[in-house]
Protein chains: 2
Amino acid sequence: MQDELPACPVETTLLLISDKWKVLILRDLLGGTLRFGELRRSLGSVSQKVLTANLRQMEHDGLVHRKVYPEVPPRVEYSLTETGKSLRPVIEAMRDWGSNYQAERAA
Amino acid sequence: MQDELPACPVETTLLLISDKWKVLILRDLLGGTLRFGELRRSLGSVSQKVLTANLRQMEHDGLVHRKVYPEVPPRVEYSLTETGKSLRPVIEAMRDWGSNYQAERAA
DNA sequence: CAGGATCCCAGATGATACTG
DNA sequence: CAGTATCATCTGGGATCCTG
């Protein structure tokens with residue numbers, strides 16, 4: 001995405017994962033490798049264009065690995081790089097907090 | 001913000017803090033109470049309108065507390081509610097990760 | 001199946017002016 | 001000082017069509 005990183009670490013993280021779908025892409029790829037179509041469905045309702053764009057950025061940022069199989073019909077698998085996997089604590093923290101918030105609301 | 005929460009905890013969290021400035025507002029208010037103007041300056045370059053809108057949503061969502069002093073000139077202080085403070089682990093996780101990412105990039 | 005190329009839009013953000 | 005009110009802008013996102 002950008003190649004100039006903000007000085008603030010929090011802003012740096014925001015720059016890389018603050019788009020609407022990136023966090024959800026991480027959530028799903030943390031479960032393991034997925035094909036483009038599988039990922040698309042697991043996300044809910046992303047358009048191809050947007051999903052592709054997000055994945056390309058994440059690949060460029062070193063978060064996602066893209067593996068193309070020279071087959072017909074085409075097959076492309078996405079997985080997290082080590083850097084991508086290292087975001088797990090962030091996603092988990094969000095999951096935990098969201099879970100508690102939902103519970104509070106129910107009460 | 002919304003009153004209907006998504007089923008997924010991660011999405012719930014996203015719904016509440018995914019706006020451009022909210023995470024940074026949290027980052028700064030985690031350091032303690034701030035006046036409107038102070039918060040504005042510490043964020044960098046938000047417009048009043050946007051900052052106000054974000055704070056109002058966060059107040060509605062129970063993350064931020066707004067205290068108005070009946071003085072002239074006006075004085076309004078913002079602080080985090082307990083629910084807001086409970087987001088600290090999320091922000092910290094982002095800070096840690098961003099910090100490491102910056103280091104990796106430098107190398 | 002994966003994704004490139006276009007056209008289009010809403011909603012978030014920004015800039016400015018005004019006020020209790 | 002901390003807003004409110006408007007108007008202008010911009011871009012992420014969506015819908016559709018096409019293709020190797």
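**Entry 1: sheet of chain B**

In what sense do strand 1 and strand 3 of chain B pair, and over how many bridges? I looked this up in the model, which is a predicted one. The two strands of chain B, strand 1 and strand 3, run antiparallel and are joined by 2 bridges. One pairing I noted by residue: R35(B) has E77(B), in strand 3 of chain B, as its bridge partner.

I then went on to the whole sheet. In chain B it is open, has 3 strands in the order 1-3-2, and pairs in the antiparallel sense. Strand 1 (34-35) and strand 2 (64-69) of chain B are its edge strands, each paired on one side only. As a reminder to myself, strands of a sheet pair through backbone hydrogen bonds, in either a parallel or an antiparallel way.

Next I checked which helices lie on this sheet. Helix 2 (residues 22-29) of chain B lies across strand 1, strand 2 and strand 3 of chain B, and runs at about 95 degrees to strand 3 of chain B. Helix 4 of chain B also packs on the sheet, where it touches strand 2 and strand 3 of chain B. The direction of helix 4 makes about 115 degrees with that of strand 2 of chain B.

**Entry 2: sheet of chain A**

I repeated the lookup in chain A. I found an open sheet of 3 strands, order 1-3-2, with antiparallel pairing. Its edge strands, pairing on one side only, are strand 1 (34-35) and strand 2 (64-69) of chain A. Strand 1 and strand 3 of chain A are antiparallel and share 2 bridges. Within that pairing I located R35(A) opposite E77(A), which sits in strand 3 of chain A. Helix 2 (residues 22-29) of chain A packs on the sheet and touches strand 1, strand 2 and strand 3 of chain A. For the angle between helix 2 and strand 3 of chain A I have about 95 degrees.

**Entry 3: the two copies**

What rotation and what shift superpose chain A on chain B? The rotation is 180 degrees, the shift along its axis is 0.0 Å, and the RMSD is 0.1 Å. I therefore recorded the relation as that of a two-fold axis. Both copies use the same surface, since 100% of the contact residues of chain A recur in chain B.

**Entry 4: cis peptide bonds**

I looked at the peptide bonds before P73 in both chains. The bond from V72(A) to P73(A) is cis, with omega near 0 degrees. P73(A) is in the loop between strand 2 and strand 3 of chain A. In chain B a cis peptide bond joins V72(B) and P73(B), and omega is about 0 degrees. I placed P73(B) in the loop between strand 2 and strand 3 of chain B.

**Entry 5: DNA strand C**

Which residues are closest to DNA strand C? Of the 19 residues that surround it, the closest are R56(A), R66(A), K20(B), K49(B) and P74(B). By class I have 8 nonpolar, 4 polar and 7 charged residues. Helix 4 of chain A gives the largest share of this surface, 4 residues. The elements that each supply at least two residues are helix 3 (36-43), helix 4 and strand 3 (75-80) of chain A, and helix 4 of chain B.

For the strand itself, 57% of its atoms within 4 Å of the protein belong to sugar or phosphate, and the rest to bases. I noted three polar pairs. R56(A) has a polar side-chain atom 2.7 Å from a phosphate oxygen of DNA strand C. Q48(A) places a polar side-chain atom 3.3 Å from a base nitrogen. From chain B, an N or O atom in the side chain of K49(B) is 2.3 Å from a base oxygen of DNA strand C.

**Entry 6: DNA strand D**

I ran the same lookup for DNA strand D. Here 23 residues are around the strand, and K20(A), K49(A), P74(A), R66(B) and Y78(B) come nearest. They divide into 8 nonpolar, 7 polar and 8 charged. Sugar or phosphate accounts for 57% of the strand D atoms within 4 Å of the protein, bases for the rest.

The pairs I noted here come from chain B. Y78(B) has a polar side-chain atom 2.6 Å from a phosphate oxygen of DNA strand D. For R56(B), a side-chain N or O atom is 3.2 Å from a phosphate oxygen. Q48(B) has a polar side-chain atom 3.2 Å from a base oxygen of DNA strand D. Helix 4 (48-60) of chain A, with helix 3 (36-43), helix 4 (48-60) and strand 3 (75-80) of chain B, are the elements that give two or more residues to this surface.

How values were computed
Residues are numbered from 1 along each chain as its sequence is written. Chains are lettered from A and ligands numbered from 1 in the order in which they are written. This is a predicted model: local features need pLDDT of at least 70, side-chain atom pairs count only at pLDDT 80 or more; totals for chains, interfaces and linings use all residues. Side-chain values use heavy atoms; hydrogens and water are left out. A residue is near a molecule or strand if one of its heavy atoms lies within 4 Å of it. A polar contact is a pair of N or O atoms within 3.5 Å; within protein, one must be able to donate a hydrogen and the other to accept it, and residues adjacent in sequence count only if both atoms are side-chain atoms. Ala, Val, Leu, Ile, Met, Phe, Trp, Tyr, Cys and Pro count as nonpolar, Asp, Glu, Lys and Arg as charged, and the others, Gly among them, as polar. Copies are superposed by least squares on the C-alpha atoms of residues with pLDDT of at least 70 in both. Contact means heavy atoms within 4.5 Å. Two strands pair if DSSP finds at least two bridges between them. Axes are lines fitted to C-alpha atoms, for helices over the stretch in contact, and angles run from 0 to 180 degrees between N-to-C directions.
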